[in-house]
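Me: I have a structure to read and many terms to pin down. Please take my questions one at a time.

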Amino acid sequence: MSIAAKLDSLGVSLPDAPAPAANYVPFVRIGNIVYVSGQISKADDLITGKLGDDMEIDAGAAAAKVCAINLLAQVKAACGGDIDKLVRVIKLTGFVNSTADFTAQPQVINGASDFLVEALGEAGRHSRSAVSAASLPLGVAVEIEGIFEVQ
């Protein structure tokens, strides 16, 4: 099954690739590697909150899934609109807006990792870092950047 068909079967429609919010590019492609800038937890609206304070782990994981969808939207743009040129996810770096004593960053970023494996199978398995941040842009709950292999 193609990636586009699998996403459709999951009820996921990739949005237009979000435009950068500052002086940077949303992705850089070097050969068959695409480096995607951090994608924040924004669907129709910003998903804001601080884990360990006013947001639960499940809500944070849902925000991380939104980041993963936005990452795929950028990969699709990097591939000229064809998400099926994605070969595999190489690495994610996830940032969790959280309190100093919050220690469940991996469970939050699992929202992105689990979604990518569900949508891409083995090609979605990746290396990963999951770290806390005292604050994230616009007060969002999660930001994730990624490295991808494409055709």
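Me: Where is the place of Asn-70?

Reply: This is a predicted model. In it, Asn-70 sits in helix 2.

Me: Why is Asn-70 called buried?

Reply: Buried means under 20% relative accessible area. Asn-70 has 5%. That value is under the cut-off, so Asn-70 counts as buried.

Me: Which residues is Asn-70 in contact with, leaving aside its neighbours within four places in sequence?

Reply: They are Pro-15, Pro-18, Gln-39, Ile-40 and Lys-42. Contact here means heavy atoms within 4.5 Å.

Me: Which residues lie nearest the centre of the largest pocket?

Reply: Pro-18, Ala-19, Gln-39, Ile-40 and Lys-42 do. They belong to a lining of 23 residues. Note that Pro-18, Gln-39, Ile-40 and Lys-42 are also among the contacts of Asn-70.

Me: How do you find empty space in a protein?

Reply: Roll a probe the size of a water molecule over the atoms, and it shows where space is left empty.

Me: How much space lies in the largest pocket?

Reply: About 500 Å³.

Me: What makes a residue part of the lining of the largest pocket?

Reply: A lining residue has an atom within 4 Å of a point of the pocket. Strand 2, residues 33–40, supplies at least two such residues. Helix 2, residues 57–78, also supplies at least two.

Me: How do the residues of the lining divide into nonpolar, polar and charged?

Reply: There are 15 nonpolar, five polar and three charged residues. Pro, Ala and Ile count as nonpolar, and Lys as charged. So Pro-18, Ala-19 and Ile-40 fall in the nonpolar group, and Lys-42 in the charged one.

Me: Lys-76 lies in helix 2 too. Why is Lys-76 called partly exposed?

Reply: Buried is under 20% and exposed is over 50%, with partly exposed in between. Lys-76 has 30% relative accessibility. That falls in between, so Lys-76 is partly exposed. Beyond its neighbours within four places in sequence, Lys-76 is in contact with Leu-14, Gly-81, Asp-82 and Ile-83.

Me: How do you know that strand 1 and strand 2 pair?

Reply: Pairing takes at least two bridges. Strand 1, residues 27–30, and strand 2 have four bridges. The cut-off is met, so the strands pair. They run antiparallel. Arg-29 has Val-34 as its bridge partner, and Phe-27 has Val-36.

Me: What lies between the strands in this hairpin?

Reply: Two residues lie between strand 1 and strand 2. In this hairpin, Gly-31 takes a positive phi near 60 degrees.

Me: What makes the phi of Leu-138 worth a look?

Reply: Most residues other than glycine have a negative phi. Leu-138 is not a glycine, yet its phi is positive, near 60 degrees. Leu-138 is in the loop between strand 4, residues 127–133, and strand 5, residues 142–150.

Me: Is Leu-138 buried or exposed?

Reply: Exposed means over 50%. Leu-138 has 63% relative accessibility, so it counts as exposed.

Me: How do you know that strand 2 pairs with strand 5?

Reply: Six bridges join strand 2 to strand 5. At least two are needed, so they pair. The two strands run antiparallel. Ile-33 stands opposite Glu-149, and Gln-39 stands opposite Ile-144.

Me: How many bridges are there between strand 3 and strand 5?

Reply: Nine, in the antiparallel sense. One partner pair is Lys-91 and Ile-147 of strand 5.

Me: Why is Phe-95 called partly exposed?

Reply: Phe-95 is in strand 3, residues 86–97. Its relative accessibility is 26%. That lies between 20% and 50%, so Phe-95 counts as partly exposed. Its contacts beyond four places in sequence include Val-142, Glu-143 and Glu-145.

Me: Which residues does UniProt list for a domain?

Reply: The unreviewed entry lists residues 6–139 as "domain: Endoribonuclease L-PSP/chorismate mutase-like". In the model, that span is 31% helix and 23% strand. Its end C-alpha atoms lie 32 Å apart.

How values were computed. Residues numbered from 1 in each chain as written. Predicted model: local features only at pLDDT ≥ 70, side-chain atom pairs only at ≥ 80, totals over all residues. Heavy atoms only, no water. 1 Å grid on protein atoms, 1.4 Å probe; cavity = no way out; pocket = protein on both sides within 12 Å on 5 of 7 lines; lining within 4 Å. Points joined across faces, edges and corners; volume = space filled by probe spheres on them. UniProt positions renumbered as here; feature names shortened; annotations may be inferred. Buried < 20%, exposed > 50% of the residue type's maximum accessible area, 1.4 Å probe, protein only.
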